[in-house]
Amino acid sequence: MTLRHMAMLAVLFGCVSGTAIAAPAADVFYRQRVAEALAIAADEPGSRADALLDRLLADPDYAGLPPAERNRLLSRAALVAWQNDRLDVASQRYAELARLDSDNPDDWYRMAGVAMQKDDMDGAAEAMTEFAARWPEYLDNTRPELLFMLATHGDTRSPARIGFQQALFDANWKGGSSNTPGAIWFRLARARLEQGNVEAARAVVQRIQEPEFLISMRADKRFDPVFNRDRPRFDVALAVDRQIALLRTRTQVFPDRLEPLLHLSSTLLLAGRNEDAIALSDAAVARIAAASTDKPAFSDMDQQVWLMNNKAIALRRMGRTEEAIAEMRRASQLSENGEENISQVLNLGEFECANGNAAEAIRVVAAAPLANLSNYGKAVAAHVRHCAALQQDDSRQQKKALKELHALRDDAPMPYLDALIQVEPEQALAFMRQLLAQPDRRNDVLDWAQDCLQSPLLPGEQVPQQRQDAFLARADVRAAIDGVGRIERYPLYCRQSR
């Protein structure tokens with residue numbers, strides 16, 4: 001998790017239940033002090049409120065409060081400690097609330113937020129598993145991106161992470177306004193297959209409807225026992241049409257949300273309906289621009305940059321390259337989750353290198369603040385520099401970038417594999433075999449290897465694509481893939497960057 005994500009968590013993990021903090025009743029003067037501290041905390045949860053709550057918890061009168069009132073005071077003190085960046089104190093207080101079996105869903109929700117900020121994803125998963133099991137009705141009050149992060153980011157194979165995925169499944173969570181939880185169900189089904197629980201995996205697979213995860217299942221022989229690939233239910237082309245219809249409905253049900261529009265845009269790109277994707281983005285941007293400043297058109301404005309990102313992809317596919325680059329530049333100048341935009345900056349860098357503009361690609365990624373980059377973001381930046389060095393025939397910079405990618409291969413294996421294919425195909429084969437042998441990495445390779453539609457190649461893509469095609473055509477490469485999966489032809493743009 002990046003620092004910029006962490007900085008937002010205390011805000012995002014707000015109140016989901018509507019539970020209020022009641023003033024506890026005890027000694028009169030103690031009660032006055034509690035009322036004062038709670039009022040101050042409600043108005044401005046800064047250092048003064050934090051210090052007052054510390055003293056109240058340390059006071060002997062605290063132990064004399066009824067259990068429910070003690071819990072409520074402890075809950076507020078935990079939240080204020082978190083809001084004042086005292087993570088260890090907040091974590092200790094939420095751990096005590098867990099030991100006391102708090103009946104406040106907000107405690108468990110915020111407990112997960114603190115754990116995520118401390119990079120304790122298993123602890124966060126355990127807290128949210130409790131939340132989902134006891135209060136499934138509140139899942140729709142949460143930020144879906146946080147649930148997706150916890151269920152899908154990083155290594156999700158631990159019992160705690162799998163337990164959280166199962167809790168969402170048992171709660172029949174729909175995936176937020178877009179109704180697209182397939183990324184979670186796919187990982188859960190894969191975990192159950194790895195455990196040898198075929199029946200549990202089969203039950204989960206029945207809920208996977210998104211075309212991209214149907215492709216992933218069809219490509220991976222592990223899934224062969226749990227679905228019939230010949231049934232219309234698992235036909236990818238039919239699934240694309242169903243998904244577009246579903247997402248159009250979701251945009252009507254949630255007219256104030258960009259999220260379903262973004263998923264619709266991505267599915268239109270998958271289907272190659274580029275003009276529709278452009279029209280969708282333009283209509284949303286027009287609504288944003290026309291809305292009054294005191295009432296934004298959408299409640300999740302942070303998603304607008306991704307709609308613009310998708311529009312740039314569609315423009316590029318239609319041969320409108322300069323318009324595409326201009327759109328990506330505009331997107332890169334808008335904020336991402338309220339912070340400086342990194343994703344579109346890196347995507348712009350990749351775009352410039354694909355277009356043969358090596359020097360501009362280097363300049364673009366150099367502007368990305370290194371301190372705010374995740375390891376994956378650092379790998380993308382290194383991949384752009386490697387691409388540029390190849391175009392400039394700069395062997396020193398090639399080696400330097402490849403060394404960076406090697407160091408980041410656990411977080412970003414595919415950029416490293418792509419770079420190896422360009423310069424060291426034998427090492428690329430060895431690395432690809434390593435990835436195929438890892439249960440959680442196999443799908444990265446299989447998804448990448450599928451035979452999908454692609455746009456006319458830009459100048460900087462000609463030679464790299466020839467090398468990739470030659471690599472995939474090798475008998476030893478195909479044998480490695482065929483041992484665990486298969487490559488199929490799809491009349492779709494499976495890799496949406498093209």
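**Helix packing, aromatic pairs and backbone geometry in a predicted model**

M121 belongs to helix α7, which spans residues 121-134. The structure described here is a predicted model. With a relative accessibility of 14%, M121 is classed as buried. Its C-alpha atom lies 38 Å from that of Y30, and the two residues are separated by 91 positions in sequence.

Helix α7 also contains M128. The relative accessible area of M128 is 1%, so this residue is buried. Leaving aside residues up to four places away in sequence, M128 is in contact with W108, Y109, A112, L147, L150 and F164. Y109, one of these contacts, is also part of an aromatic cluster in which ring pairs link Y109, F131 and W135. By contrast with these contacts, P425 is 44 Å from M128, C-alpha to C-alpha, at a sequence separation of 297 residues.

Two of the residues touched by M128, L147 and L150, are listed among the buried residues of helix α8. This helix comprises residues 144-152, and eight of its nine residues are buried, so α8 is largely enclosed by the rest of the structure. The buried set consists of P144, L146, L147, F148, M149, L150, A151 and T152. Just after α8, G154 adopts a positive phi of about 75°.

Helices α9 and α10 are formed by residues 159-170 and 182-194, respectively. Their axes approach to within 10 Å and cross at roughly 120°. Because this angle falls in none of the parallel, antiparallel or perpendicular ranges, α9 and α10 are oblique to each other. The crossing is left-handed. On the α9 side the contact involves I162, Q165, Q166, L168 and F169, and on the α10 side I184, W185, R187, L188, A191 and R192. By class, the residues of this contact comprise seven nonpolar, two polar and two charged.

Eight aromatic pairs are found in a search of the whole structure. In one of them, the ring centres of F169 and W185 are 5.4 Å apart and the ring planes stand at 90°, so the arrangement is edge-to-face. As F169 is located in α9 and W185 in α10, the pair ties together parts that are 16 residues apart in sequence. Both partners are buried: F169 has a relative accessible area of 10%, and W185 one of 1%.

The loop between α9 and α10 contains N179. The phi of N179 is near 55°, a positive value in a residue other than glycine. Most residues other than glycine have a negative phi. N179 is counted as buried because its relative accessibility is 14%, below the 20% cut-off.

A positive phi near 55° also occurs at D393, again in a residue other than glycine. D393 is placed in the loop between α20 (375-392) and α21 (395-407). In its case the relative accessible area is 66%, so D393 is exposed.

Helix α10 also packs on helix α12, which covers residues 211-219. Here the axes are 9 Å apart and the packing angle is about 20°. The two helices are therefore roughly parallel to each other, the angle being under 35 degrees. The crossing of α10 and α12 is right-handed. The contact brings G182, A183 and F186 of α10 together with F213, S216 and M217 of α12. Four of the contact residues are nonpolar and two are polar, and none is charged.

Helix α22, formed by residues 413-423, is mostly covered, with nine of its 11 residues buried. The buried residues are P413, M414, P415, Y416, L417, A419, L420, I421 and Q422. The elements that cover them include α20 and α21, together with α23 (425-437), α24 (442-449) and α25 (462-473). Helices α20 and α21, named here as part of this cover, are also the helices that flank the loop of D393.

Methods. Residues numbered from 1 in each chain as written. Predicted model: local features only at pLDDT ≥ 70, side-chain atom pairs only at ≥ 80, totals over all residues. Heavy atoms only, no water. Helix = DSSP H or I, 4+ residues; strand = E, 2+ residues; numbered from the N terminus. Buried < 20%, exposed > 50% of the residue type's maximum accessible area, 1.4 Å probe, protein only. Axes fitted to C-alpha atoms, helices over the stretch in contact; angles between N-to-C directions. Parallel < 35°, antiparallel > 145°, perpendicular 65-115°, else oblique. Left-handed = near helix turned anticlockwise from the far one by under 90°. Contact = heavy atoms within 4.5 Å. Nonpolar A, V, L, I, M, F, W, Y, C, P; charged D, E, K, R; others polar. Phe/Tyr/Trp six-rings, centres within 6.5 Å; stacked < 30°, edge-to-face > 60°.
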